[in-house]
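User: I have a model open and would like to go through the terms used to describe it. Please give the reasoning behind each one.

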Amino acid sequence: MVSFPNCKINLGLKILRRREDGFHDIETIFYPLPLCDILEAVRGPELRFNATGRAIPGDPGANLTIRAWQLLQQDFPDLPFVHIHLHKKIPIGGGLGGGSADGAFMLDLLNRQFRLGLDAGRLARYAVQLGSDCPFFLLNRPCLGRGRGERLEPLLLDLSGYSFLLIHPGIHISTAEAFSRCRPDEDGPPLNSIITQPISQWRDILINDFESPLFVQYPVLRKIKQSLYDRGALYTAMTGSGSCLYGIFEKGQTADNDWDPSFDVISILAKK
């Protein structure tokens with residue numbers, strides 16, 4: 001069985017408070033985009049993982065697709081072994097959620113392929129054990145995310161009339177590092193009220209709290225953001241804890257030429 005895990009961007013990200021468990025409460029808007037990996041799982045005599053496309057750092061045995069199978073196997077001891085093939089197209093370490101998408105889609109794929117009978121609620125409970133972003137990819141529609149990002153509220157938000165440009169400069173920023181540089185702040189209007197305003201007004205009010213400290217450490221990120229505006233973006237921001245930035249343009253006007261050749265530059269049309 002084959003599925004196509006897609007990426008996401010964050011429209012604003014507020015870091016509200018540090019929790020007693022060491023995590024942070026956040027508020028963000030997740031928006032799915034149709035840049036997809038390709039994930040295949042077929043029954044086999046042993047659990048096996050291989051990957052093509054973009055290089056995936058780290059231990060292959062710790063990949064979230066493997067962990068998804070292992071998580072289900074704890075409660076379904078007869079779950080068949082599978083051979084997993086992941087063709088990676090989503091840039092890694094950029095805040096696009098590709099790894100989380102792979103893990104969440106793997107849970108759904110195994111549930112359907114082997115008829116485990118898991119409803120949406122149970123799948124979400126498995127997904128949050130893989131990562132805070134994973135439950136979003138089971139809904140895979142615009143959502144307001146609270147808590148660690150796992151408390152989701154679907155939103156009526158349609159950006160299919162716009163084009164998106166993703167710029168990934170190849171800088172790896174760990175999530176722990178990004179959080180350590182931020183100062184939680186609960187002030188400001190809720191994000192779901194900001195996005196009801198025209199996109200042209202988002203620039204100074206729809207903020208990713210990771211940007212300010214990370215732009216000091218990585219000035220190239222600030223330069224990319226400004227360059228996106230200079231090239232006609234209606235709105236631009238860093239997604240997640242970076243280092244990928246995106247620009248929202250009028251449809252068909254993504255200005256994807258003349259960037260630093262070392263950058264990953266990806267033009268996307270959002271789906272309705």
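The turns below take up a buried residue, the sheets, the helix contacts and the nonpolar cores of this predicted model.

User: Why is Thr-239 called buried?

Analyst: Buried means under 20% relative accessible area. Thr-239 has 0% relative accessibility, so Thr-239 counts as buried.

User: Where is Thr-239 found, and what is Thr-239 in contact with, leaving aside its neighbours within four places in sequence?

Analyst: Thr-239 sits in the loop between strand E10 (235-238) and strand E11 (245-250). With neighbours within four places in sequence set aside, the contacts of Thr-239 are Lys-8, Ile-9, Asn-10, Gly-94, Gly-95, Leu-96, Asn-208, Cys-244 and Tyr-246.

User: What makes E1 and E4 a pair of strands?

Analyst: Two strands pair if there are at least two bridges between them. Two bridges join E1 to strand E4 (residues 38-43), and the two strands run antiparallel. The count of two meets the cut-off of at least two, therefore E1 and E4 pair. Within this pairing, Ser-3 stands opposite Leu-39 in E4.

User: Which strands stand at the edges of the sheet with the order E1-E4-E6-E5, and why?

Analyst: This is an open sheet of four strands with mixed pairing. Strand E1 (2-3) and strand E5 (48-53) each have a single partner strand, so one side of each has no neighbour in the sheet. That places E1 and E5 at the edges.

User: Which strands of that sheet do H1 and H2 touch?

Analyst: H1 packs on the sheet and touches E4, E5 and strand E6 (82-88), with its direction at about 150° to that of E6. H2 also packs on the sheet, where H2 touches E1, E4 and E6; the direction of H2 makes about 35° with that of E4.

User: How do you know that E2 and E3 pair?

Analyst: The cut-off is at least two bridges, and ten bridges join E2 to strand E3 (residues 24-36). Ten satisfies at least two, so E2 and E3 count as paired. They run antiparallel, and Arg-17 stands opposite Asp-25 in E3. Both strands belong to an open sheet in the order E2-E3-E7-E8, whose pairing is antiparallel. Its edge strands are strand E2 (6-18) and strand E8 (151-154), each pairing on one side only.

User: Which residues make the contact of H1 with H2?

Analyst: From H1 (residues 64-75) come Leu-64, Thr-65, Ala-68, Trp-69 and Leu-72, which meet Gly-99, Ser-100, Asp-102, Gly-103, Met-106, Leu-107 and Leu-110 in H2. By class, that contact has seven nonpolar, four polar and one charged residues. The axes of H1 and helix H2 (residues 98-113) come within 8 Å and cross at roughly 40°. The crossing is right-handed.

User: At what angle do H2 and H3 pack?

Analyst: H2 and helix H3 (residues 120-130) pack at about 145°, with their axes 9 Å apart. In this contact Gly-103, Leu-107, Asp-108 and Asn-111 in H2 meet Leu-123, Tyr-126, Ala-127 and Leu-130 in H3. By class there are five nonpolar, two polar and one charged residues.

User: Which residues touch the most other members of the largest nonpolar core?

Analyst: Leu-11, Leu-166 and Trp-202 do, in a core of 52 residues. Another core, of 33 residues, lies apart from it, and includes Phe-30, Ile-66, Ala-104 and Phe-136. Leaving aside its neighbours within four places in sequence, Leu-11 is in contact with residues including Ile-29, Tyr-31, Leu-157 and Trp-202.

Terms used. Residues numbered from 1 in each chain as written. Predicted model: local features only at pLDDT ≥ 70, side-chain atom pairs only at ≥ 80, totals over all residues. Heavy atoms only, no water. Axes fitted to C-alpha atoms, helices over the stretch in contact; angles between N-to-C directions. Left-handed = near helix turned anticlockwise from the far one by under 90°. Contact = heavy atoms within 4.5 Å. Nonpolar A, V, L, I, M, F, W, Y, C, P; charged D, E, K, R; others polar. Core = buried A, V, L, I, M, F, W, Y, C linked by side-chain atoms within 4.5 Å. Buried < 20%, exposed > 50% of the residue type's maximum accessible area, 1.4 Å probe, protein only.
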